[in-house]
Amino acid sequence: MLVLLFPFTAIAQVEEIMDDWIQEDATEDEVAEMNDMLQEYISNKVNINDTIAMASLPFLSPFQLKALSNYIILHGQLLSFKELAFVPGFDSATRALLEIMTTVEPYAVDSKWQWWQGRHSVVTGIGGTVEQATGYSDSIYAGDNLRALFCYTYSYLNRVNVRFVADKDPTEAWGKGNFYGYHLMLNDIGRVEKLIVGRYNLQFGQGLTLWTGLRPFSFIGQTPVHYGSGVRPSSAFYEEDYQEGVASTVNVGLGMHLSAFMSRTGGENMLGGHVTYRNGNLVIGLTGVYTSLDDSLSLNDYVYNQNYFQGKKLGNFGVDVAWQWSKILLYGEGSMSSEGKPAVIAGATITGSGANRFGVSYRYYDALYHNLHAQGYSIGRNQGEQGVTFDSQTRLPFGVLAVISADIHSFPSLRYGAYSPSSGAWVRLRLGRSFGRHVDCALRYAYRQKEHNVPNIDSTSYLGERTLRQQVQGEVKANVGAWQFSARAMYSLFESRNGEPQKGWLVAQSARYTNKGLQATASAAWFDVDGYYARLYLSESSLQYAWSMPMLTGRGVRASVVLRYAFDKSWSVAAKYALSWYPGQESLGSGAAQTNGPRRQTWFVQVRCKL
């Protein structure tokens, strides 16, 4: 135990960001998508002096981009990251993100097209499980237990980007039902700001009218304002909620930017556009989208889905506004579905001196507001919900940075798992302090109150109960030369009126060694969790396009080893091995996914080439 509690941690920057990201209800695909996006930016850093390329970063607002552009015009190109402190709107959190995702280099616009001087990148990998589930031995699954991927990317400056991907998941047969994707993107061609053919995402306003792909970027202590990236390529292996067809954005002059798109994905057809007007510190957007389905959408007759969309055709129209005045940002979006039902979100952020910041927002989503591609901030769906958020960040005495997010919400109509009107609250607090340049400490606390049906009662009777989940997490990180160390402890408690409390604890440590082209990371976690409601999530080092954030229940050990080696600037290899061990268990999982024995082992090998 003394070794386990030794206060050193080695959480990489990506794992730290993942911990602060709003992801408690995120799906496995969303977690993988967020990791892949962060890894992509870290592996292909943007030059901070290239303001056009900087616009691709999803956490920068139009006002921050304009402030950066104005600073470069007045003072010349940045020479170091320290200069960002003098650019209005770039707080400490934003600067920390930029430091790992960008470089500071001289930038000059290349007026000549020399496509043969572009960059080629290939990533390929294969992995699987050591133990065979019964679904494979009994021929229930069509394929084997291997996952294989291939991704080729060509990019020339910020003008041309081409990508081809192929992905075979476990249970799939080789060449049957696998995922394939591609896109061709052209940037900054006269008045054409962007043109994409293939798979892409559409992200406008606050996400109430149209937002496909990963849910918006948001962190503890930051008001959930969204900065829509407009038309952007779909991520490599995100297999949900993308569009496929043609999309373009054109600068029509006088501060007007017009986006138009046409897509057919599966049995869904989408057509629409977005107009943005920018004038100084004011941004106004209009979005209209029409969706038609080949087959009418019909749902099973469940209590909770009486208000869900059914039919073949749906239209949505919305207006979004953002206005920056000094250190105050006002934002909002109002949207309406073709049935005439509204959804509204509005908020404000005030940035003070130093690290101080405060924000508030309000949302109202009608129970009959229908939208197949909405990703506005919410606890549940962008339907049948209303709530208020409060967020703040401030510097306390003794150098402690405190960030807090609080959300109070209600669901006037029925929803999945709660067959009566319900309400809830979600509060998260993070206290952090650095000791010099080498040691960082953080303490996190989460309080989640909500209502759901009482389990194991008569199927025709619905009785609700109020539940409370609390989680405390402490961590310490230290850098010692070529080494990074970490120690982390978590404790969770779930309580309900009609059931026994569930508790869970976890203690984890990791070490990372970096020397020239070699990087080795080893981690181990010991946990004891009573049940699903007290579950704990562990972020651990992983490979690009092969992320895992295991959900831990029961009693056991989780360990992993990750090795990376770069032969030169072009070639590198990486491998990961992970073990989950549950002493005393005769089998793990259930049904076709069940494996014999107390262990489950996974492995993945990856090769990267950049030319």
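A nonpolar core is a set of buried Ala, Val, Leu, Ile, Met, Phe, Trp, Tyr and Cys residues joined through side-chain atoms within 4.5 Å. In this predicted model, the largest such core has 24 residues. M54, L60, L68, L84 and L98 have the most contacts inside this core. Helix 2 (28-43), helix 3 (51-54), helix 4 and helix 5 (92-101) each supply at least two of its residues. Helix 4 gives the most, with five residues. In soluble globular proteins, nonpolar side chains tend to be buried together.

L60 was examined through its contacts. Residues up to four places away in sequence are not counted here. L60 then touches M54, L65, F90, T94, L98 and Y227. Two of these names, M54 and L98, also appear among the core residues with the most contacts. A second core is separate and has 14 residues. F179, A236, L543 and V562 are included in this second core.

Helix 4 covers residues 62-75 and has 14 residues. From its first C-alpha to its last, helix 4 reaches 20 Å. That span is close to the 20 Å expected at 1.5 Å a residue. Its buried residues are F63, Q64, L65, A67, L68, Y71 and I72. Among them, L65 is touched by L60. Just after the helix comes G76, with a positive phi of about 90 degrees.

The strands come next. Strand 12 (residues 282-297) and strand 13 (residues 311-325) run antiparallel and are joined by twelve bridges. Within this pairing, Y290 stands opposite G315 of strand 13. Strand 13 also pairs with strand 14 (residues 328-337), again in the antiparallel sense, through ten bridges. Here V321 stands opposite G332 in strand 14. Strand 13 and strand 14 form a hairpin, with two residues between them. In the turn, S326 has a positive phi of about 55 degrees.

Strand 24 has two antiparallel partners, strand 23 and strand 27. Strand 23 (residues 502-515) and strand 24 (residues 518-529) pair over twelve bridges. Y513 stands opposite A520 in strand 24. The two strands form a hairpin with two residues between them. K516 of this hairpin takes a positive phi near 55 degrees. Twelve bridges also join strand 24 to strand 27 (residues 554-566). In that pairing, W526 has V557 of strand 27 as its bridge partner. Strand 27 spans residues 554-566, and V562 belongs to the second core.

Two buried strand residues were followed individually. K168 lies in strand 5 (residues 160-168). Its relative accessibility is 3%, so K168 counts as buried. The cut-off for buried is under 20% relative accessible area. The side chain of K168 reaches the backbone oxygen of E172 at 3.0 Å. K168 also touches D144, L146, R147, A148, A173, W174 and N178, with residues up to four places away in sequence left out. A478 is found in strand 21 (residues 464-480). Its relative accessibility is 1%, so A478 too counts as buried. A478 and F435 are 43 residues apart along the chain. Their C-alpha atoms are separated by 9.5 Å.

Aromatic rings were then compared. A pair of aromatic rings is described by the distance of the centres and the angle of the planes. Rings pair if their centres lie within 6.5 Å. By this rule the count comes to nine aromatic pairs. In one of them, the ring centres of W483 and F485 are 5.6 Å apart. Their planes lie at 5 degrees, so this pair is stacked. W483 and Y513 form another aromatic pair, which is tilted. Its centres are 5.0 Å apart, with 50 degrees between the planes. W483 lies in strand 22 (residues 483-496) and Y513 in strand 23, so the pair ties together parts that are 30 residues apart in sequence.

Ring pairs thus link W483, F485 and Y513 into a cluster. W483 counts as partly exposed, at 37% relative accessibility. F485 is partly exposed, with a relative accessible area of 22%. Y513 counts as partly exposed at 24%. Y513 is also the residue opposite A520 in the pairing with strand 24.

Key. Residues are numbered from 1 along each chain as its sequence is written. This is a predicted model: local features need pLDDT of at least 70, side-chain atom pairs count only at pLDDT 80 or more; totals for chains, interfaces and linings use all residues. Side-chain values use heavy atoms; hydrogens and water are left out. Two strands pair if DSSP finds at least two bridges between them. Helices (H or I, at least four residues) and strands (E, at least two) are DSSP runs, numbered from the N terminus. The expected span of a helix is 1.5 Å times one less than its number of residues. Buried means under 20% relative accessible area, exposed over 50%, partly exposed in between (1.4 Å probe, protein chains only). Contact means heavy atoms within 4.5 Å. A polar contact is a pair of N or O atoms within 3.5 Å; within protein, one must be able to donate a hydrogen and the other to accept it, and residues adjacent in sequence count only if both atoms are side-chain atoms. Rings of Phe, Tyr and Trp (its six-membered ring) pair if their centres lie within 6.5 Å; planes under 30 degrees apart count as stacked, over 60 as edge-to-face and the rest as tilted.
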